[in-house]
Structure formats: structure tokens, C-alpha cells
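Trainee: Could we go through this structure together? I should like to learn how to read it.

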Amino acid sequence: MKRIILSVTNDLVTDQRVHRIATTLMNNGAKVTLVGRLLPKSLPLQRNYRTHRMRLLFKKGPLFYAEYNIRLFFYLMFAKADILVSNDLDTLPANYLVSIIRKKVLVYDSHEYFTEVPELIYRRVTRNIWKKLEQFILPKIKYSYTVNNSIADIYNKMYNINMKVVRNMPVRSNNTYSSFTAYHLPADFIIYQGAVNLGRGLELLIDAFHFINNLKCVIVGDGDILNAIQKSVIAKKLEDKILFIPKLPFEQLKVITQNASLGISLEENLGFNYYYSLPNKLFDYIQAEIPVLVSDFPEMRKIISDYKVGEVLKSRQPEDLALQIESMIRNEKRLLWKQNLIKAAEE
């Protein structure tokens, strides 16, 4: 039985990708441990595989990444493992050093084009540090994979490696269409779920609701700009149209998603990471069998084009977005979208 340790820098609760990978490995006979961190507001965690969450002094910034990797290094040095799986560049230093010292197999899972995330685009020094780290380690890693072909092609050309693709496919399950949740949901609403961070198009979405009536917006998640977004909603007197729900375990989130009329993914073109993104939430919307509206970016556009499950954003002007959302809600194509969503969800 192979002993595999996967490491991430989040608190494990909402990370569907690593949960699916851990579950898949476990179902194929591996003994899996997932390592992350414990935050003051972290929810309880129940998994069929072993988990280990580290309580750290620092919550963000250079000191956090340094402390995390030091703590992870010592954990991995003495843990029983045959294979180490590093999820994203911020877990790679500790995993790489341990793999060299202990002569363990190292696998790199790149969830995104890390050095092109919006948080780093305008921080030249910090971005260069991560870039140098990537340039030093990545060409030395034999086994690696990422979320889509666009990002894999970039890494393969840049570092002359053979990075594979494992997309963010959800586990297929039958929808029960339960309307019961701990939250009072509007009768008719659209949903954004995921990180409330810079470049997710949330400001545009909120502004569009100045022009939308008889429809609500539910935003589920947490992130760096959540407080700013909530204050903006109050300042713009849109509290009756925009509902915020804290981040939820994905089992609970699904119940909310499947009751929505439309799923939103409006990432902005802030670097190649978003431009070539293929978000978890897009697949979650499809599994919940709700039509989707996505940014006009290559990977997302291809899903819409191939499976006919919604529309690509036509304009980033708030009034135009409002018209497109309202059009999609009453569009006669909804029956066709529904049929296509069922087929797409199966695939």
C-alpha cells in the first residue's frame, strides 16, 4: 500500500480538488494523508482519509509562507510516506527539499498559473522570488500536472517538461434538488460561489444589479476583498438584492447551487492565470445542472462552445451585463440548456 502525503496551504474545508484527488487515491488502494493549516474560524473536518492541520502563528505574507514551509519540512521529514504531492508553488520548497533528502517521489499539482495570479502581478519583488523558485525547482520534477491544456502548454514550453492535465471534474452524483438549507434563499436568484478575491468580476456583478429587478444575487464564499464588497453593497443601497453567505463545506454548498437559476464566473483579465483559468465553480454549476455565464476566455469559452450549457459574456459594462443576465433567465433556450447540462454533467 502506497503512503501518499498531499500538502496545501488552506484549511482543507472547501478545497474540492484535493479532496477528490485524495479520495480517488484512497479508492485505488493508497493510504492518504492531507496536510493543511488550522485557522481561528476553520470549520470542523470529517474525511475518510487522514488529515493534519497545523496551527500557525502567521496568517499571511512572507512570514506565513516561511513558517508554513518550515513546519511542513519537519513534518514530512519524519512522516511515513512513499510519495509526496505538492499542491501549488507555495508548498513546493518543503516538499522538494524532503524529496531530495529522503529520496522520495515528488509529484507537483499546479492548481493555477501561480506567478500570474492577480495578487502578484503588481508586486514585482515578491513575484520574482516565486518565479526564481519555480525556475529552479520545476525543471527538476519528473511528475507534474495542472488543471487545463493552456497552462500545461505554457509550462511545458517554458521549462521543457512533460506536465499532464487533470481537470477539476466533480464527482458525479444524482441531484435531489433539496430546497432545505440553513439559509433563507430567494425564490429566484443567480449565484457566485468561490473566493471573494481581486479580479473575480464581483464589482461588475454588483453594479449590474442597479439595472436588475425581480431577481437576487447570492455570493457564497470568503476572501481578501469580502469586507470591501459588503461595504460597497451597503453604500450602493443594494442590500435587498445581494445576499452574502459564508464559505461552506462543498456538501452544503451544492444544495444552494442547485436551487439557483444561473451560475456566474466573470473573472477579469488580470494576467494569464485568470485568462487561462478553468474554475472549479464552472464544473460545480454544470453538476448542479444550472446554466452558466462565463468570461470570454479560451478554456471557459470552449466548455460553453462544446456543450452548449450557457453563454459567454458579451460586454463588461454593468447595464449590458444586466441585460444579458435577464435575457438568460427568460431565454427559451433554457430547456435546451437543461438537456445539455444533464449530458455534460454525465461526461
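Mentor: We shall discuss aromatic rings, a helix pair, buried places and a few single residues.

Trainee: What should I know before we begin?

Mentor: This is a predicted model, in which local features need pLDDT of at least 70 and side-chain atom pairs count only at pLDDT 80 or more, while totals for chains, interfaces and linings use all residues. Residues are numbered from 1 along each chain as its sequence is written, and side-chain values use heavy atoms, with hydrogens and water left out.

Trainee: How many aromatic pairs does the structure hold?

Mentor: There are 11 aromatic pairs. Rings of Phe, Tyr and Trp (its six-membered ring) pair if their centres lie within 6.5 Å; planes under 30 degrees apart count as stacked, over 60 as edge-to-face and the rest as tilted. The ring centres of Phe73 and Phe74 are 5.3 Å apart and their planes lie at 80°, so this pair is edge-to-face.

Trainee: And what about Phe114 and Trp130?

Mentor: They form an edge-to-face pair too, with 5.2 Å from centre to centre and 65° between the planes. This pair links distant parts of the chain, 16 residues apart: Phe114 is in the loop between β5 (105–110) and α4 (118–121), and Trp130 is in helix α5 (residues 124–137). Helices (H or I, at least four residues) and strands (E, at least two) are DSSP runs, numbered from the N terminus.

Trainee: Are Phe114 and Trp130 buried or exposed?

Mentor: Both are buried. Buried means under 20% relative accessible area, exposed over 50%, and partly exposed in between (1.4 Å probe, protein chains only). Phe114 and Trp130 also form one aromatic cluster with Phe64, Tyr65 and Tyr68.

Trainee: Next topic: how do α3 and α5 lie?

Mentor: The axes of helix α3 (residues 92–102) and α5 come within 11 Å and cross at roughly 25°. That makes α3 roughly parallel to α5. Axes are lines fitted to C-alpha atoms, for helices over the stretch in contact, and angles run from 0 to 180 degrees between N-to-C directions. Angles under 35 degrees count as roughly parallel, over 145 as roughly antiparallel, 65 to 115 as roughly perpendicular and the rest as oblique.

Trainee: Which residues meet there?

Mentor: From α3, Leu92, Pro93 and Tyr96 meet Leu133, Phe136 and Ile137 of α5. Contact means heavy atoms within 4.5 Å.

Trainee: Where is Ser110?

Mentor: Ser110 is in strand β5, and it is buried, with a relative accessible area of 0%. Leaving aside residues up to four places away in sequence, Ser110 touches Asp88, Tyr145, Thr146, Val147, Tyr155 and Met163.

Trainee: Which residues of α9 are buried?

Mentor: In helix α9 (residues 250–257), they are Phe250, Leu253, Val255, Ile256 and Thr257. Their cover includes α1 (16–27), β8 (189–193), β9 (216–220), β10 (242–245) and α11 (280–287).

Trainee: What is special about the phi of Lys103?

Mentor: Most residues other than glycine have a negative phi. Lys103 is not a glycine, although its phi is positive, at about 55°. Lys103 lies in the loop between α3 and β5 and is exposed, with a relative accessible area of 72%.

Trainee: And what phi has Lys308?

Mentor: Lys308 also has a positive phi of about 55° without being a glycine. Lys308 is in the loop between α12 (298–307) and β13 (310–312) and is partly exposed, with a relative accessible area of 47%.
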